[in-house]
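User: Please take a close look at one part of this chain, the long C-terminal helix region. I would like its salt bridges, its surface and its place in the overall fold described in one connected answer.

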Amino acid sequence: MSGNAKLRRSVMFQAVLLVVLMLASSNAPVGDAIWLNVPPTGTKCVSEEIQSNVVVLSDYVVVSDDHGHVPTISAKVTSPYGNNLHHKENVTHGQFAFTTQEAGNYLACFWTDSHTRGAGEVSVNIEWKTGIAAKDWESVARKEKIEGVELELRKLEGAVEAIHENLLYLRDREAEMRTTSENTNARVAWFSIMSLGICIVVSGSQIWYLKCYFQKKKLI
């Protein structure tokens, strides 16, 4: 095989690999911009199911048409086990960042403060980033002195790793749900057998009682 043919094959392989990585990155976790209309009374929450050891970074800000008076809100973020990860009151904007310790639904709740209630709904913009989207790639580029295509390949590599970890997490969740379903089915089967046995015993007892009663009355 000539050198030109090998070069063409190498370029084609790199192009195909780049396309595959780009397609994979399109399914990777990315930052989501969320708009919440917080009611005058009550709480509005947003949640996301996240696996353990994942970096979460979020910014939130109150958006108001009246620039002279911006309403304030309170924010609270809790873990699946109810641990308090972030809590701020009387703020117009804020940020929270943490690394998840357990897998499950992480809940971020917002409500209007008492002195701003009655003024109608409050619009809150939330930029929620998890995993690869929350990574500071500018710092990585400066630290490792990479840029351009090499930096993009590092991003794609991180996206593929995030997808792989997510697939492993989904596999574990599927196995856990299957085990729970099998245990539930086994318990239902034993309960059905026990119920059938109780019905047979009760029916036999009723027949025996009626037989003794009729014999005592000399009806049979």
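Analyst: The answer below starts with the fold and then turns to helix H3 and the segment after it.

The model is predicted. Its secondary structure consists of three helices and eight strands, in the order α-β-β-β-β-β-β-β-β-α-α from the N terminus. Helix H3 spans residues 149-216. Of the 220 residues in the chain, 25% are buried.

Two salt bridges can be described around residues 171 to 178. In one, the side chains of glutamate 174 and arginine 178 meet at 2.7 Å, N to O. Both residues belong to helix H3 and are four residues apart, about one turn of the helix. Glutamate 174 is partly exposed, at 42% relative accessibility, and arginine 178 is also partly exposed, at 41%. In the other, aspartate 172 pairs with arginine 171, with 4.0 Å between the closest N and O atoms. Aspartate 172 is partly exposed, with a relative accessible area of 45%, while arginine 171 counts as exposed at 53%, because the limit for exposed is over 50%. The count of salt bridges comes to four. One of them lies outside this helix and joins glutamate 127 to lysine 129, with the closest N and O atoms 3.6 Å apart.

Further along, the unreviewed UniProt entry annotates residues 188-210 as a "transmembrane region". In the model these residues are 100% helix and 0% strand, and the C-alpha atoms at the two ends are 33 Å apart.

A nonpolar surface patch is formed by Trp208, Tyr209, Leu210, Tyr213, Phe214 and Leu219, which together have about 690 Å² of accessible area. Leucine 219 sits in the segment after helix H3. With a relative accessible area of 58%, leucine 219 is exposed, because that value is over 50%.

The largest nonpolar core gives a contrast to this patch. It has 21 residues, among which Tyr60, Ile73, Phe110, Val124, Ile126 and Trp128 touch the most other members. Strands E1, E2, E3, E4, E6, E7 and E8 each supply at least two residues of this core, and strand E8 (122-130) gives the largest share, four residues. For the chain as a whole, the accessible surface is about 15500 Å², with 57% belonging to carbon and sulfur atoms.

How values were computed. Residues numbered from 1 in each chain as written. Predicted model: local features only at pLDDT ≥ 70, side-chain atom pairs only at ≥ 80, totals over all residues. Heavy atoms only, no water. Core = buried A, V, L, I, M, F, W, Y, C linked by side-chain atoms within 4.5 Å. Buried < 20%, exposed > 50% of the residue type's maximum accessible area, 1.4 Å probe, protein only. Patch = residues over 30% accessible without salt bridge, like charges linked within 9 Å, V, L, I, M, F, W, Y side chains within 5 Å. Areas by Shrake-Rupley, 256 points an atom, 1.4 Å probe, with all protein chains shown as cover. UniProt positions renumbered as here; feature names shortened; annotations may be inferred.
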